[in-house]
Amino acid sequence: MKSPSYAAAGVDIGAKAAALDRAKSAIRSTFNGQVLGDIGGFGGLFRPDFSAYRVPVLVASTDGVGTKLKVAVAAGRHDTCGADLVNHCVNDILVQGASPLFFLDYIATGKIDPRVLQEIIEGLAAGCLDNGTVLLGGETAEMPGFYAAGEYDVAGTIVGVVERERIVDGSRVVPGDVLVGLPSTGLHTNGYSLARSILFEKLGLRADSRVPDAGDGTIGDLLLQPHRSYLRTLTPLLEAGLVKAMAHITGGGFYDNIPRVLPEGVGARLRFGSWPVPPLFEFLAERGDVSRTEMLHVFNMGIGMVLIVGSGDLPGVKRILASRGESFFEIGEAVSGSRDVRVQFAGA
């Protein structure tokens, strides 16, 4: 009779080590002069350079990719979810004016597939490189019996920094300020439970199905479009002090996220129809029989980031965005009232 072993119980330490070893070059490519030590320590060592700050304030956020991972598994594509996660977290601290310093990841699965793990980590590293941040460390957990075969979860924590006097907190927003929307690239990382219910369960589609009415490419291509980062686009606006508030349109859509950055006594009026809604969202609404209100509460509807700027600063904001090749739309305004979002639909 064989003696019990970790491998027999379903945990293959060797597979994990092999995958991490192959991904080391990608991880190290994100390192900069502020990283002390190398991969493999119990904790990542980072010596920040705050010489350019008078009063540096750290900003941290933790998030996951959600059930978008179910689509990645169904499509057999695992090279995008890592960058999705980094970009999402970067945007979450960006809305307070912060630049990222370093990122930590957590990957959990029932049984490690070295190829899949390597693709996920390389995606994380690519996202960190694109955002000028460091993949400082992480954890990979193999938990037999906890996840279905082939499935995994990915989560991450980001730490950034902002000058105290440059924190963007929405306190300066007043009625008459303008809401400017920046386009998303697809669903980003929210609303996938509803989207999958409509596409895969109600309509019986698959990741490799092609539905021209929903957009170009397969359903998998459309659903796995990357969650874009707005860091490079918005840095010049932040440096110029032209943004009073920002809302990252993630879970909860417009109705839940915009009020998070409004001061007391100020609400927001959104003009639906003031920006082009991508075909995939229209398809989901029509074929899923989802109301426009529910769509705006679940999805980003083609707007991934909302800026609130003073009407007098709007020309400067437009000029900077245009100089960077960024599309933008005036989608509403701040109004007197309770901290909520009121949507004006065409013809209403």
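**Exercise 1. Placing an aspartate**

Does aspartate 313 count as buried, partly exposed or exposed, and what relative accessibility puts it there? Then find where it sits in the chain and how far its C-alpha lies from that of aspartate 177.

*Solution.* Keep in mind that we're working with a predicted model.

- Step 1: buried means under 20% relative accessible area and exposed means over 50%.
- Step 2: aspartate 313 comes out at 31%, so it counts as partly exposed.
- Step 3: go to the loop between β10 and α11, and there you'll find aspartate 313.
- Step 4: aspartate 177 is 136 residues away along the chain, yet the two C-alpha atoms are separated by 9.4 Å.

**Exercise 2. Reading the six-stranded sheet**

Work out the strand order of the open sheet that holds β10, and name its edge strands.

*Solution.*

- Step 1: walking across the sheet gives β8-β10-β7-β11-β9-β12, six strands with mixed pairing.
- Step 2: β8 (245-248) and β12 (341-344) each pair on one side only, which makes them the edge strands.
- Step 3: ignoring direction, neighbours in this sheet are turned by 25 degrees against each other on average.
- Step 4: take the β12 end. Its partner there is β9 (residues 266-271), in the parallel sense and over four bridges. Arginine 271 stands opposite glutamine 344 of β12.

**Exercise 3. β10 and its two neighbours**

Describe how β10 pairs on each side, and say why it can be called largely enclosed.

*Solution.*

- Step 1: β7 and β10 run antiparallel, joined by six bridges. Here valine 180 faces leucine 307 of β10.
- Step 2: β8 and β10 are antiparallel too, with four bridges between them. Methionine 246 has leucine 307 as its bridge partner.
- Step 3: check burial. Seven of the seven residues of β10 are buried, so the rest of the structure largely encloses this strand.

**Exercise 4. Helices on the sheet**

Find which strands α7 and α11 lie across, then decide which way α11 faces.

*Solution.*

- Step 1: α7 (residues 231-239) lies across β7 (178-183), β8 and β10 (303-309), at about 10 degrees to β10.
- Step 2: α11 (residues 314-323) lies across β7, β10 and β11 (329-336), at about 10 degrees to β7.
- Step 3: list the buried residues of α11: Leu314, Gly316, Val317 and Leu321. They sit on the same side of α11, because they cover an arc of only 160 degrees around the axis.
- Step 4: what covers these buried residues includes β7, α7, β10 and β11. Arg319 and Ser323, on the other side of α11, are exposed.
- Step 5: after α11 comes glycine 325, with a positive phi near 70 degrees.

**Exercise 5. The other sheet and the pocket**

Give the strand order of the four-stranded sheet, then say what lines the largest pocket.

*Solution.*

- Step 1: the order is β3-β6-β4-β5, an open sheet with mixed pairing. Its edges are β3 (56-64) and β5, and the twist averages 15 degrees from one strand to the next.
- Step 2: inside it, β4 (residues 99-109) and β6 (residues 152-163) pair in the antiparallel sense over ten bridges. Leucine 104 is bridged to threonine 157 in β6.
- Step 3: now the largest pocket, with about 640 Å³ of space. Of its 26 lining residues, Ile39, Gly40, Gly41, Gly137 and Gly138 are the closest to the centre.
- Step 4: α1 (13-28), β1 (35-36) and β5 (134-142) each supply at least two residues of that lining.

Technical notes: Residues numbered from 1 in each chain as written. Predicted model: local features only at pLDDT ≥ 70, side-chain atom pairs only at ≥ 80, totals over all residues. Heavy atoms only, no water. Pairing = 2+ DSSP bridges. Axes fitted to C-alpha atoms, helices over the stretch in contact; angles between N-to-C directions. Contact = heavy atoms within 4.5 Å. Buried < 20%, exposed > 50% of the residue type's maximum accessible area, 1.4 Å probe, protein only. Arc of directions from axis to C-beta. 1 Å grid on protein atoms, 1.4 Å probe; cavity = no way out; pocket = protein on both sides within 12 Å on 5 of 7 lines; lining within 4 Å. Points joined across faces, edges and corners; volume = space filled by probe spheres on them.
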